[in-house]
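Biologist: Please take a close look at one part of this model, the aromatic pairs, and then place that part in the rest of the chain. How many aromatic pairs does the structure hold?

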Amino acid sequence: MVLPWALIAPGPMARQVFAFPLGLGAWRTPAASPLPGRLLAQLGPAGWWLALTVLLLGGLAVAVSLVRRPPANAVAAADRLAIGLALAFLLAPAGRFGYLALPVFLAVFTRLTGPPATPLAVDDAPPAAAPRQLP
């Protein structure tokens, strides 16, 4: 659902998805979340570049983990996505604490909506007790 809007009007999406979290938007966020990226960015231009570098390294680490060990199921994929988003929100120069609700939601939602645990197969079931003999 995002792709058509990104193709039709890429400017607003770029401003919201990239410029604002990097602290480059038209408006600065009034939030003062004590997240690592924000704390680094407050050190001045060098701190902002350091926060951006660490953010990119975090994204690269998630990408490498996806290539080296792809997720096996929806829960594993959602967990990897949640880790990537949490890193992005923590390391963004203008990150906000409330954004961390999304990775938590992803991790919990996939577990709540996934298929139920499979029952034991007949071969895996514990041995049944021998029937009692009546006297």
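Modeller: Helices (H or I, at least four residues) and strands (E, at least two) are DSSP runs, numbered from the N terminus. On that basis the elements of the protein run α-α-α-α-α-α from the N terminus on, with six helices and zero strands. This is a predicted model, in which local features need pLDDT of at least 70 and side-chain atom pairs count only at pLDDT 80 or more, while totals for chains, interfaces and linings use all residues. Residues are numbered from 1 along each chain as its sequence is written, and side-chain values use heavy atoms, with hydrogens and water left out.

Confidence comes before detail. pLDDT is the predictor's confidence in each residue, from 0 to 100. The mean pLDDT of the protein is 80, and 68% of its residues reach 70 or more. Helix 2 (residues 10-19) has the lowest confidence, at a mean of 70, and helix 4 (residues 45-68) the highest, at 91. Where pLDDT is low, the predicted coordinates should not be read in detail.

Now to the rings. A pair of aromatic rings is described by the distance of the centres and the angle of the planes. Rings of Phe, Tyr and Trp (its six-membered ring) pair if their centres lie within 6.5 Å; planes under 30 degrees apart count as stacked, over 60 as edge-to-face and the rest as tilted. The structure holds three aromatic pairs. Among them is the tilted pair of Phe-89 and Tyr-99, with 5.4 Å centre to centre and 55° between the planes. This pair links distant parts of the chain, 10 residues apart: Phe-89 is in helix 5 (residues 74-91), and Tyr-99 is in the loop between helix 5 and helix 6 (101-113). For burial the cut-offs are under 20% relative accessible area for buried, over 50% for exposed, and partly exposed in between (1.4 Å probe, protein chains only). Phe-89 counts as buried because its relative accessible area is 17%, whereas Tyr-99, at 29%, is partly exposed.

Another of the pairs is stacked: Phe-105 and Phe-109, at 5.1 Å centre to centre and 20° between the planes. Both rings belong to helix 6, and they sit four residues apart, about one turn of the helix. Phe-105 is partly exposed, with a relative accessibility of 47%, and Phe-109 is likewise partly exposed, at 41%.

Leu-102 also lies in helix 6 and brings the account back to Phe-89. Contact here means heavy atoms within 4.5 Å. Leaving aside its neighbours within four places in sequence, Leu-102 is in contact with Leu-85 and Phe-89. The C-alpha atoms of Leu-102 and Leu-85 are separated by 7.9 Å, although these residues are 17 apart along the chain. Leu-102 itself is partly exposed, at 40% relative accessible area.

Next comes helix 5, where Phe-89 lies. Helix 5 has 18 residues and reaches 25 Å from its first C-alpha to its last, close to the 26 Å expected at 1.5 Å a residue (the expected span is 1.5 Å times one less than the number of residues). Its buried residues are Ala-78, Arg-80, Ala-82, Ala-86, Phe-89 and Leu-91, and what covers them includes helix 3 (36-41), helix 4 and helix 6.

Pro-36 is placed in helix 3 and touches Leu-90 and Leu-91, not counting residues up to four places away in sequence. Between the C-alpha atoms of Pro-36 and Leu-90 there is a separation of 6.0 Å, with their positions 54 residues apart along the chain.

Leu-91 recurs in the largest nonpolar core, whose five residues are Ala-41, Trp-48, Leu-52, Leu-55 and Leu-91. Helix 4 gives the largest share of this core, three residues. Such a core is a set of buried Ala, Val, Leu, Ile, Met, Phe, Trp, Tyr and Cys residues joined through side-chain atoms within 4.5 Å. The buried residues of helix 4 pack against helix 3 and helix 5.

One more residue shares the loop of Tyr-99: Gly-95 lies between helix 5 and helix 6 and counts as buried, at 1% relative accessibility. Its C-alpha is 6.2 Å from that of Arg-38, 57 residues away along the chain. Over the protein, buried residues make up 24% of the 135 residues.
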